Protein chains: 2
Amino acid sequence: MQFARPLSELIAQLERLPGIGPKSAQRLAFHVLRMPVDDVRRLAESLTRARESLRLCSTCQNVSEGETCEVCSDPRRDDSVICVVSEPRDIAAMERIHEYKGRYHVLHGLLSPMDGIGPEHLKVRELLERLRNDVAEVIVATNPTVEGDTTALYLARLIKPLGVKVTRLAHGMPVGGELDYADTATLLSALEYRREL
Amino acid sequence: MQFARPLSELIAQLERLPGIGPKSAQRLAFHVLRMPVDDVRRLAESLTRARESLRLCSTCQNVSEGETCEVCSDPRRDDSVICVVSEPRDIAAMERIHEYKGRYHVLHGLLSPMDGIGPEHLKVRELLERLRNDVAEVIVATNPTVEGDTTALYLARLIKPLGVKVTRLAHGMPVGGELDYADTATLLSALEYRREL
């Protein structure tokens, strides 16, 4: 005897999510059985709606509901500075410090020759196209990891010849850590002490 | 700026699940955005289908797709023994040892006066009704915790006067642990050394 089919099917689906093992999947599934039907429907709809309605902003490659994301369509932001991040969630981390007023660009990954991830797998071409407009500075805000460092140096070598200043967030952040987990104060000082590459 | 609405809505929904904090919710949500659309639809459907199609077995109160669950509709099982568990998932734990061939009864909780959970909140009445038929033994397989012990003693006092033998899984299991996490060997010896209450 195993669980009733719809239950074991749900457990199997949940187990495929990152960070959710067999035990957590089981506990989550049983929790779902106890949730009000409307709450379960709302969760299910959120899943499909998020997946189906969101796309990448045609300018900065951030996750967006429309053709251009909220940051790119904000006329009050400074067009002359672009902050380059690895993932869309890193934009939220930067925005939390309420200090940066420029634009963003999401690479969707970091260079990792070991894993066969080269510039062609990242949104690098799209970044270079944006530099044709009047951009004075590119702030590379990749994680202070091997891949983040590699990506920052690669971008610096590519962009500096175009006459654009390339800076990087200061290593005020714990080395080896992740941008997404940095606290506001650390990120703030890292932004303040950014240095030219 | 926050995340695009469908994304922050999904994060909010995920955060409400047990064991999923803000960070995990965010990571899961971004994972969903990268999943194939069909996989997301399948996950969403599993959620609603499990919640909508499953109900409690009218006999043993286990989670079931039909009126009676798989165990209760199996004619080869022994009607004279009922194993009482706290949660439906505990049935799966018992079944994994491939030794027990009787029936089950799910209480859906444990007595906990501190939390205001009394017998009327559990499926105790339904258990007593089943004892009108020819039941020789009730094996109480509640967790070896304060609540599990309290519930076992309460049931023993209630059932023994009816002339039904009441036993409990032996404390071969680590005290304070949870049935659901016990390994097969431990559970097997606990079943073997069950003692009359």
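Reading from the N terminus, chain A runs α-α-α-β-β-β-α-β-α-β-α-β-α-β, which amounts to 7 helices and 7 strands. Helices (H or I, at least four residues) and strands (E, at least two) are DSSP runs, numbered from the N terminus. This is a predicted model, in which local features need pLDDT of at least 70, side-chain atom pairs count only at pLDDT 80 or more, and totals for chains, interfaces and linings use all residues. Residues are numbered from 1 along each chain as its sequence is written, chains are lettered from A and ligands numbered from 1 in the order in which they are written, and side-chain values use heavy atoms, with hydrogens and water left out.

## The chain as a whole

Let us begin with overall dimensions. Along the principal axes, the C-alpha atoms of chain A fill a box of roughly 70 × 35 × 35 Å. An automatic or database domain assignment divides chain A into domain 1 (5-53) and domain 2 (74-196). The centres of these two domains, taken over C-alpha atoms, are 35 Å apart.

Of the 197 residues in chain A, 53% are buried. Here buried means under 20% relative accessible area, exposed over 50%, and partly exposed in between (1.4 Å probe, protein chains only). Among contacts in chain A with a separation of 6 or more, 55% join residues 24 or more positions apart; contact means heavy atoms within 4.5 Å.

## Two copies and their axis

Two copies of a chain are related by a rotation about an axis and a shift along it. For this pair, a turn of 179° and a shift of 0.0 Å along the axis lay chain A on chain B with an RMSD of 0.1 Å. The two copies are therefore related as by a two-fold rotation axis. The superposition is by least squares on the C-alpha atoms of residues with pLDDT of at least 70 in both copies.

Which residue of chain A comes closest to the rotation axis? That is A:A44, with its C-alpha at 2.2 Å. The copies meet through the same surface, because 100% of the interface residues of chain A are also interface residues in chain B.

Two buried residues show contacts that reach across to the other chain. A:R89 lies in helix α4 of chain A and is buried, with a relative accessible area of 12%. Not counting residues up to four places away in sequence, A:R89 touches A:D180 along with B:F3, B:Q26, B:R27 and B:F30. B:E87 sits in the loop between β3 (78-85) and α4 (88-95) of chain B, and its relative accessible area of 16% makes it buried. Leaving aside neighbours within four places in sequence, B:E87 is in contact with A:R34 as well as B:V106, B:H108 and B:G109.

## Enclosed space

Rolling a probe the size of a water molecule over the atoms shows where empty space is left. The structure holds 3 cavities of 30 Å³ or more, and the largest has about 130 Å³ of space. On a 1 Å grid over the protein atoms alone, a cavity is a set of points where a 1.4 Å probe fits but cannot get out, and lining residues have an atom within 4 Å of a point. Grid points are joined across faces, edges and corners, and a volume is the space filled by probe spheres set on the points.

What kind of residues line the largest cavity? The lining divides into 14 nonpolar, no polar and no charged residues. Nearest the centre of this cavity lie A:L14, A:L17, B:L14, B:L17 and B:L43. In both chain A and chain B, α2 (22-34) and α3 (37-53) each supply at least two residues of the lining. Ala, Val, Leu, Ile, Met, Phe, Trp, Tyr, Cys and Pro count as nonpolar, Asp, Glu, Lys and Arg as charged, and the others, Gly among them, as polar.

## Loop residues

Most residues other than glycine have a negative phi, and most peptide bonds are trans. Here are two residues with positive phi values.

| Residue | Phi | Loop in chain A | Relative accessible area |
|---|---|---|---|
| A:Q61 | near 70° | between β1 (55-56) and β2 | 6%, buried |
| A:H98 | near 50° | between α4 (88-95) and β4 (102-106) | 64%, exposed |

A:P75 belongs to the loop between β2 (63-64) and β3 (78-85) of chain A, and counts as exposed at 75% relative accessibility. The C-alpha atoms of A:P75 and A:P18 are separated by 37 Å, with their positions 57 residues apart along the chain.

In chain B, B:N133 lies in the loop between α5 (124-130) and β5 (137-140). B:N133 is exposed, with a relative accessible area of 55%. B:N133 and B:D79 are 54 residues apart along the chain, and their C-alpha atoms are separated by 8.9 Å.

How values were computed: On a 1 Å grid over the protein atoms alone, a cavity is a set of points where a 1.4 Å probe fits but cannot get out, and a pocket is an open set with protein on both sides within 12 Å along at least five of seven lines; lining residues have an atom within 4 Å of a point.
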